[in-house]
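Some words used for a protein model rest on a cut-off or a rule. The turns below ask why each word applies here.

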Amino acid sequence: MPVEPAPLPGLAIIGGGPAGLMAAEVARAAGIEVDLFEAKGSVGRKFLIAGKGGLNLTHGEPRPGFDHRYRERQEAAAGWLDDFGPDALRDWARGLGVETYVGSSGRVFPLDRKAAPLLRGWVRRLREDGVRFHVHHRWLGWTDDNALRFATPDGERRVHAAATVLALGGGSWPQLGSDGAWQPWLLERGVDVAPLVPANCGFDIAWSDHFSSRHAGAPLKPVVAHWREADGEHTLQGECVVTETGIEGSLIYALSAQLRETIARDGEATLTLDLAPGRTLERLQHDLGKPRNSRSVSDHLRRQTGLGGVKVALLYEVLGKDRIGDDALLARTIKRLPLTLRRARPIAEVISSAGGVRLEAMDDALMLARLPGVFCAGEMLDWEAPTGGYLLTACFASGRRAGLGAVEWLRHMQSHSMQAAPM
Ligand SMILES: Cc1cc2nc3c(=O)[nH]c(=O)nc-3n(C[C@H](O)[C@H](O)[C@H](O)COP(=O)(O)OP(=O)(O)OC[C@H]3O[C@@H](n4cnc5c(N)ncnc54)[C@H](O)[C@@H]3O)c2cc1C
């Protein structure tokens, strides 16, 4: 039997990732009673996994360039970052005894590149400040009379909250707790939710067995990607990795939104790679035009262009044995190797997800128009950004915005009930 609904004195926060914890911090600092519910046995599991890659907390890129990383949502994100931007985030970490540094790529990391000390110190401080943590509480939606339903080891528990912040994360790496199960519960209540889709993801390519068995795991660097958008052609230099099923890596992640949208529209996307960014087409044509004599194409390529290994294998994969001997075509293909991307990798294995609660469904304080008193924050909102610390920065900043919004809402409700009370 479910435990009967119990009223909470203040704010219920559901989800103990960076967004939920930050909402808890600001609400508690404003004197609100905070109960934080988390499905897993501990909070911040995805944050800890991010620490395995060095914990790229934010980025040193100056604004407004920073804001542009949030694409269609840059205006909303800029508002969150005005209140709590990359510098404020670094100061906040310093307040927990964690100094940060800007790496050569502009990415910002803690000095020890670990997430655990930061998370441990933060949770300890939140507890000391009076935030009540309820782990092993999996939210199941609402009852008909708007109580929050939780599955707990002791059975279903129901609570009425005066205000709620949902910070349930996106859909990637569901084993860490964020499984996107919340989508139907919000949809049923008329909240506009864009389906969760993979972001910062690899893509499948129909490699031949020969190629994938020999070259999966091989890094491709440096390469320059070319792609077209409505405003013309764009280029980006970076690195990627051949995988058994296709391609991934930071360069691909940076383009994944455009590539995903092209696949959704056209059924496939062509990624064009320059395998020899340091050499012009003219120079390649000239060098490859030199007599090959009895040397193999691979040998000729290595001597004349410096290309070897996986790059040469890619040229064979795309051109086939019949056409690889055509020097002019070979030179053009080195500069513009076309790869056909079939589909994004499944959401469960990618870094982050796009889609989620549409910002149009909420006000500036991140309160849902259809559910007054319910706020949303973090990756469960419909924005996306590349890797580089932009994801965590927006999760912290939107968590803060939602937490402060809930504080205002609770104060507003309190002043209303005092006005309504009989003299
Ligand atoms: C491998 C990996 C590496 C990453 N590295 C970086 C990086 O270096 N830099 C960066 O900026 N970003 C990185 N990210 C992305 C970043 O970790 C996420 O964007 C961020 O953690 C999202 O924060 P959040 O608070 O919105 O959600 P989450 O961190 O996902 O937290 C949501 C919480 O809600 C809980 N929850 C979900 N559903 C329920 C429910 N029904 N009931 C109760 N609780 C629930 C979950 O258990 C979870 O604890 C990485 C992601 C991955 C997978």
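Q: Where is Pro222 in this predicted model, and what kind of peptide bond joins Lys221 and Pro222?
A: Pro222 sits in strand S14, residues 219-229. The bond between Lys221 and Pro222 is cis, with omega about -15 degrees. Most peptide bonds are trans.

Q: What joins Arg63 and Pro64, and what is omega there?
A: A cis peptide bond joins Arg63 and Pro64, and omega is about 5 degrees. Pro64 belongs to the loop between S4 and helix H3 (65-68).

Q: Why does Leu55 count as buried?
A: The cut-off for buried is 20 or more other C-beta atoms within 10 Å. Leu55 has 27 C-beta neighbours inside 10 Å, so Leu55 counts as buried. Leu55 is in the loop between H2 and S4. Its phi is positive, about 55 degrees, although Leu55 is not a glycine.

Q: Why is Asn200 called buried or exposed?
A: Asn200 has 25 other C-beta atoms within 10 Å, and therefore it is buried. Asn200 lies in the loop between S12 and strand S13 (203-204). Phi of Asn200 is near 45 degrees, a positive value in a residue other than glycine. Most residues other than glycine have a negative phi.

Q: What makes strand S12 mostly covered?
A: Five of the seven residues of S12 (residues 193-199) are buried.

Q: How do you know that S12 and strand S20 pair?
A: Pairing needs at least two bridges between the strands. S12 and S20 (residues 352-357) have five bridges, in the antiparallel sense. Pro198 stands opposite Ser353 in S20.

Q: Which strands are the edge strands of the sheet S4-S6-S5, and what makes them so?
A: The sheet is open, has three strands in that order, and is antiparallel in its pairing. Strand S4 (58-59) and strand S5 (100-102) are the edge strands, as each pairs on one side only. S4 and strand S6 (residues 107-110) pair over two bridges, which meets the requirement of at least two. Thr58 stands opposite Val108 in S6.

Q: How do you know on which side of helix H4 the buried residues lie?
A: In H4 (residues 74-83), Ala76, Ala77, Trp80 and Leu81 are buried. They cover an arc of only 135 degrees around the axis, which puts them on the same side of H4. An α-helix has 3.6 residues a turn, so residues three or four places apart point the same way.

Q: What is in the largest nonpolar core?
A: This core has 77 residues, and Leu11, Ala23 and Cys376 have the most contacts inside it. Helix H14 (residues 390-420) gives the largest share, 12 residues. Apart from this core lies another, of 39 residues, including Phe203 and Trp207.

Q: What does Leu11 touch?
A: Contact requires C-beta atoms within 7 Å. Leaving out residues up to four places away in sequence, Leu11 touches nine-strong company not listed in full here, among them Ala27, Val165 and Leu410.

Q: Which residues come nearest to the ligand?
A: Of the 39 residues around the ligand, Gly15, Gly17, Gly169, Gly177 and Gly378 come nearest. The shell divides into 20 nonpolar, 13 polar and six charged residues. Its largest share, five residues, comes from H2.

Note on methods: Residues are numbered from 1 along each chain as its sequence is written. This is a predicted model: local features need pLDDT of at least 70, side-chain atom pairs count only at pLDDT 80 or more; totals for chains, interfaces and linings use all residues. A nonpolar core is a set of buried Ala, Val, Leu, Ile, Met, Phe, Trp, Tyr and Cys residues joined through C-beta atoms within 7 Å. A residue is buried if 20 or more other C-beta atoms lie within 10 Å of its own, exposed if 12 or fewer, and partly exposed in between; C-beta atoms are placed from the backbone. Helices (H or I, at least four residues) and strands (E, at least two) are DSSP runs, numbered from the N terminus. Two residues are in contact if their C-beta atoms, placed from the backbone, lie within 7 Å. A residue is near a molecule or strand if its C-beta atom, placed from the backbone, lies within 6 Å of it. Ala, Val, Leu, Ile, Met, Phe, Trp, Tyr, Cys and Pro count as nonpolar, Asp, Glu, Lys and Arg as charged, and the others, Gly among them, as polar. The arc is that of the directions from the helix axis to the C-beta atoms.
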